[in-house]
Amino acid sequence: MEDMLLVPVFFPILAGTVLLIKKEYQNRSSLLLYVGGTLLITGAFALYAIFGITDGVTLFYLTDTFPVYFKLDTLGRYFSFLFTVVWILAGFFSFEYMKKEQKEKRYFGFYLIVFGVLLGLDFAGNLITMYLFYEFMTLTSLPLVLHTQTKEAVMAGLRYLFFSFAGAYMALFGVYFICRYGTTLTFTAGGVIPAAVLQEHRTLFLVVTMCMLIGFGVKAGMFPLHAWLPAAHPVAPGPASAVLSGIIVKGGVLALIRVVYQMIGADFLRGTWVQTAWMTLALITVFMGSMLAFREPVLKKRLAYSTVSQLSYILFGLAVLQPQALTGALLHVSAHAFIKVALFLCASAVIYRTGCKRVEELRGIGKGMPVTLWCYTIVSLGLIGIPPASGFISKWSLAAGSLASGIPVFSWLGPVVLLVSALLTAGYLLPVTMQGFFPGEEYDASRFAGKEPSYWMLVPLLALAVVTVWIGLFPNMWTDGLSAFADQVLKVM
C-alpha cells in the first residue's frame, strides 16, 4: 500500500517526459485531453495518498546511510493538498491562455514534470530526499521562466538559476553538518541533533543555521537575495507566473520549516542572534516588497513584488518561534497560495483578452470584464487582510503570536510593520478595482466590451475566489490541525 506514495510523484514526471519527446499532436484537443487527464489522475492519486497512506517507503539508497525516503506527515499532507488543488486549477486555466503562446507541448510537458517534483518535495520523509527534490524543482521550473525565449526571459532565467543555486549551496553546507551530527535524517519534532552536541558546537550550528535560513530563504524571496523573483515571475507565461509566485516559492518555506523545527530545533534558536537576524530580514522584506509594489506600474511585476512582501509575513511568523505565530504563518501559506495565484490569473486573463499590461491602462475594465475584476477584488481584500477573507485570520494570528512572544522590540514592531504593509497592499491593489469599476461618467470604456474570458479561465478564477472566502469563514478546518502541528514541533505540553 505504501508504494502508492510513489505514483503521484513519478506518474506526472513520466507523462511530462513522454510529452516532451513525442512528436507534435495532430490536433490541439488531443494534447489538452492528455494533459487534463494526467492532471486529474495525478490529483486523484495525490489525494488518495494524502488521506489514505500513513506508512513510508524507501525508493533506494544513495549510500549505505542516505535513503531516498517518502513519508507523509501533517506538514507534507498540508502542502501537497494545497499544491495539488492550485496546480490543477492553473493547469486548466492554461488550456485557453496557451492558445496564443508558441511551443505549447513543451510548456505542458514541463508543467507536468514540475507537478510531480513538487509532490516529491512534499512527500519527502527525510532531509536528503527533500534536498534532492528541492534542486529538481529549480531545474525543472527553469523552462517555464525561459518559455518565451526573449532576451528578457533568458536574463531572468539566468538570474533565477544563479540565485537558486547560490542559495542551495548555502543550504547544502548545513546539510553536511546535520548529516554528521544528527541522530537521524528523518524529520522529527524538536530536531535531530542532541542538545549536548548543540551546546558543544554552539557557534558552529548557529552559523550553519543562518546559512540554511538565507539559502532556503532565496526561494522564498527573502532579502537580500530576493532580486530574482520580480525578474523571473513576470516574464513567464501567465499561468506559469501564477504557480511560480503562489506555489514554487513555497518550496523554500517548506524547507525552512523542516530545518528549523524538525532538524535543528526551535529551542536551540530561541533568543539567539540568528533569531534576531531572521526576524530583522523578514520585516525588512515585508516593508521593502510592499513599497516596491506600491511604486510599480506594470501589473504582473507589481504582483511579483507583492509576493516578496507576503512571503516574509510567513517567514516572520516562523522566526518568532511561538505557537500562534507559527499557526498564522502556516495558515498564510494557504491564504497566499490561493490569493496570489488568483491575482496572477486575473492579470493573465486581462493581458490575454486586452493586451493591457500596465495599471493605468486598466481604467474602465470592469465594464467589459466584470466577473474577472470581481474575482480580483475579492482575493485582493483577502491579501489586504479584510474579513471575512482568509488573509484576515492568518494575519491576526501572526500579530497575536508576535505580541504574545514577549520578544523585546520585535513583539510590537512585527505587528506595526504588518499593519503598514497591509495599508500599502490596499494602496497597490484596490486602485485597479476602483478605476476599473468607476472610470468616470465621461470615460469611454467601450474598448473593453465583450472581453470577458472563456469558462476555461473563469471557472478557476471563481473557484479560487470562493476558496479565499470559504477559508476565512470556516478557518477551524485548517487551524485545528495546524495548531496541533505547531504545538508538537514547539513541544508545548
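In the predicted model, Leu75, Gly76, Phe79 and Phe83 of helix H3 meet Lys250, Val253, Leu254, Ile257, Arg258 and Gln262 of helix H11. Two packed helices are described by the angle between their axes and the distance between the axes. For H3, which spans residues 74-97, and H11, which spans residues 250-264, the angle is about 175° and the axes lie 12 Å apart. Because angles over 145 degrees count as roughly antiparallel, H3 and H11 are assigned to that class with respect to each other.

Leu254, one of the H11 residues that meet H3, is also in contact with Leu121, a residue of helix H4 (residues 104-123). Beyond its neighbours within four places in sequence, Leu121 is in contact with Gly251 as well as with Met130, Phe133, Tyr134 and Met137. Leu121 has a relative accessibility of 1% and therefore counts as buried. The C-alpha atoms of Leu121 and Glu135 are 9.6 Å apart, the two residues being separated by 14 residues in sequence.

A further buried position is Ser312, for which the relative accessibility is 0%, and which lies in helix H14 (residues 299-320). When neighbours within four places in sequence are set aside, the contacts of Ser312 are with Met222, Ala282, Thr285 and Val286.

On the surface, Phe287, Met291, Leu403, Val409, Trp412, Val416 and Val420 make a nonpolar patch of about 610 Å². Two or more residues of this patch come from each of helix H13 (273-295) and helix H18 (410-437), and H18 gives the most, with 3 residues. Trp412 is located in H18 and, at 48% relative accessibility, counts as partly exposed, because values above 50% would be needed for the exposed class.

Backbone geometry was examined next. Most residues other than glycine have a negative phi, and most peptide bonds are trans. The peptide bond from Phe223 to Pro224 is nevertheless cis, with omega near 15°, and Pro224 is found in the loop between helix H8 (202-217) and helix H9 (228-235). Pro387 and Pro388 are likewise joined by a cis peptide bond, with omega of about 10°, and Pro388 is placed in the loop between helix H16 (370-384) and helix H17 (390-405).

Positive phi values near 60° are found for Gln149 and for Leu321. Gln149, in the loop between helix H5 (127-146) and helix H6 (151-181), is exposed, with a relative accessible area of 54%, whereas Leu321, in the loop between H14 and helix H15 (323-354), is buried, with a relative accessible area of 5%.

Definitions and conventions:
Residues are numbered from 1 along each chain as its sequence is written. This is a predicted model: local features need pLDDT of at least 70, side-chain atom pairs count only at pLDDT 80 or more; totals for chains, interfaces and linings use all residues. Side-chain values use heavy atoms; hydrogens and water are left out. Patches are made of residues with over 30% relative accessible area and no salt bridge: like charges are joined within 9 Å, nonpolar side chains (Val, Leu, Ile, Met, Phe, Trp, Tyr) within 5 Å. Accessible areas come from the Shrake-Rupley method with a 1.4 Å probe; for residues, only the protein chains shown count as cover. A salt bridge is a side-chain nitrogen of Lys or Arg within 4 Å of a carboxyl oxygen of Asp or Glu. Helices (H or I, at least four residues) and strands (E, at least two) are DSSP runs, numbered from the N terminus. Buried means under 20% relative accessible area, exposed over 50%, partly exposed in between (1.4 Å probe, protein chains only). Axes are lines fitted to C-alpha atoms, for helices over the stretch in contact, and angles run from 0 to 180 degrees between N-to-C directions. Angles under 35 degrees count as roughly parallel, over 145 as roughly antiparallel, 65 to 115 as roughly perpendicular and the rest as oblique. Contact means heavy atoms within 4.5 Å.
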